[in-house]
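Student: I am new to this structure and would like a close look at one part of it. Please take the aromatic rings and the helices around them, and go step by step.

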Amino acid sequence: MEATTVWFVAIAFLWTGYFFLEGFDFGVGALLPVLGRDDTERRVLLNAIGPVWDGNEVWFIVAGAGTFAAFPEWYATLFSGFYLPLLAILLALIVRGVALEYRGKRDEPHWRRRWDRAIFWGSVVPAFVWGVVFANLSRGVALDARHEYVGTLTDLLNPYALLGGLTTLTLFVLHGAVFLALKTAGDVRARAVRIARIAVVAAIAVGGTFLLITQVQHGKPVTWVTVAIAAAGLVGAAVAVARGRDGWAFIGTGAAIVFAVVTLFVALFPDVMPSTVAAANSLTTTNAASSPYTLKIMTIAAVVFTPLVVLYQGWTYWVFRRRIHASHIPQPTRPAEPEPTKDPEPAR
């Protein structure tokens with residue numbers, strides 16, 4: 001296998017891991033105002049992702065860095081042509097990260113409500129826009145002979161891309177609801193299960209339509225298999241949610257996300273950014289790649305360090321594997337009120 005193909009597979013693996021892990025983070029953030037009836041329950045939701053959300057974002061950073069190093073032409077065209085959507089994602093992730101860190105710094109209700117809104121929008125915006133970005137990659141964009149994007153922002157907001165955005169949003173909301181059903185207990189879990197039963201219907205309808213259109217217009221014979229597995233994951237998740245099998249439901253939603261992303265990348269290969277202007281203008285794994293020596297050094301580094309990172313993150317999930325209940329959340333202690341002072345007795 002050529003080094004360019006190896007690194008295309010590696011980039012696909014990183015993006016797949018990112019959407020699988022960060023997907024339920026986005027879903028939890030989007031469900032924060034729905035499932036959290038009071039501050040204690042909202043803290044239950046945030047504590048469910050608290051130990052892992054920043055580690056999940058590392059997959060995005062490594063995917064971007066890997067694309068920059070292995071396929072610099074792809075990186076340059078992607079981040080210039082998709083500048084505004086990617087800027088919106090970056091700002092939303094910054095706002096969400098700050099909100100998760102600063103929400104608990106003060107006990108005032110208005111302070112926490114503002115950060116709760118920041119967490120919500122910081123989760124919904126990237127959950128939707130990522131779908132728009134990857135749908136456009138699958139569909140193709142206007143690239144000229146110099147591999148520069150010559151379209152406009154409105155060209156990126158085409159119906160197929162917007163459907164892709166709704167697909168990722170509904171999938172991540174479902175993934176987050178199932179994750180909360182698996183990770184929490186009590187009233188929060190009961191409401192998460194009810195939301196999951198509704199979200200899985202929306203995910204099957206929206207996601208199934210998007211994947212079918214993708215397969216018909218851009219797919220290959222082999223991607224019928226990945227589409228079928230993604231659909232089976234959603235159906236299996238629906239059955240598992242109905243039967244209260246939280247673990248199997250999470251496996252089902254995870255499989256749906258993983259194989260939906262795999263479908264897009266397999267349909268894309270060997271292109272990395274197809275051109276709708278002329279096929280000769282498309283960026284491929286060959287004309288967008290770094291030098292063979294660069295790819296060789298990157299491969300050695302990836303073989304050494306990737307297993308260590310995966311093992312460490314797996315250990316983190318194992319340590320924080322137990323369910324969270326509202327009774328586990330410590331309540332703020334109020335300082336004791338000073339005793340009223342007594343008037344001094346009059347001198348006799």
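Tutor: What follows goes through ring pairs, then one helix contact, then one covered helix. The model is a predicted one, and every value below is computed from it.

A pair of aromatic rings is described by how far apart the centres are and by the angle of the planes. This structure holds 32 aromatic pairs. One of them joins Tyr18 and Phe19, with 5.4 Å centre to centre and 50° between the planes. That pair counts as tilted because its angle is neither under 30 nor over 60 degrees. Tyr18 has a relative accessible area of 0% and is buried. Phe19 is buried as well, at 6% relative accessibility. Another pair is formed by Phe68 and Tyr75, whose centres are 5.1 Å apart with 75° between the planes. This pair is edge-to-face, because the angle is over 60 degrees. Phe68 is exposed, with a relative accessible area of 51%, while Tyr75 is partly exposed at 25%.

Tyr18 and Phe19 also belong to a cluster linked by ring pairs. Its other members include Phe8, Trp15, Phe26, Trp130 and Phe269. A ring with a charge over it is found at Trp318: the charged end of Arg321 sits 3.9 Å from the ring centre.

Phe68 and Tyr75 lead on to a helix contact. Two packed helices are described by the angle between their axes and the distance between the axes. H3 and helix H4 (residues 72–81) pack at about 120°, and their axes are 5 Å apart. H3 and H4 are therefore oblique to each other. On the H3 side the contact is made by Gly64, Thr67, Phe68, Ala69 and Ala70. On the H4 side it is made by Pro72, Trp74 and Tyr75.

The covered helix is H2, residues 39–49, in which nine of 11 residues are buried. Among them are the charged-type names Glu41, Arg42 and Arg43, along with Val44, Leu45 and Leu46. What do the buried residues of H2 pack against? The partners are helix H1 (3–35), helix H3 (53–70), helix H5 (83–102), helix H6 (109–139), helix H8 (159–183) and helix H9 (187–218). H3 thus appears both here and in the contact with H4. At the start of H2, a side-chain oxygen of Asp38 comes within 3.2 Å of the backbone nitrogen of Thr40, and Thr40 is itself one of the buried residues.

How values were computed:
Residues numbered from 1 in each chain as written. Predicted model: local features only at pLDDT ≥ 70, side-chain atom pairs only at ≥ 80, totals over all residues. Heavy atoms only, no water. Phe/Tyr/Trp six-rings, centres within 6.5 Å; stacked < 30°, edge-to-face > 60°. Buried < 20%, exposed > 50% of the residue type's maximum accessible area, 1.4 Å probe, protein only. Lys NZ or Arg CZ within 6 Å of the ring centre and 35° of its normal. Helix = DSSP H or I, 4+ residues; strand = E, 2+ residues; numbered from the N terminus. Contact = heavy atoms within 4.5 Å. Polar contact = N/O pair within 3.5 Å; in protein donor to acceptor, adjacent residues only side chain to side chain. Axes fitted to C-alpha atoms, helices over the stretch in contact; angles between N-to-C directions. Parallel < 35°, antiparallel > 145°, perpendicular 65-115°, else oblique.
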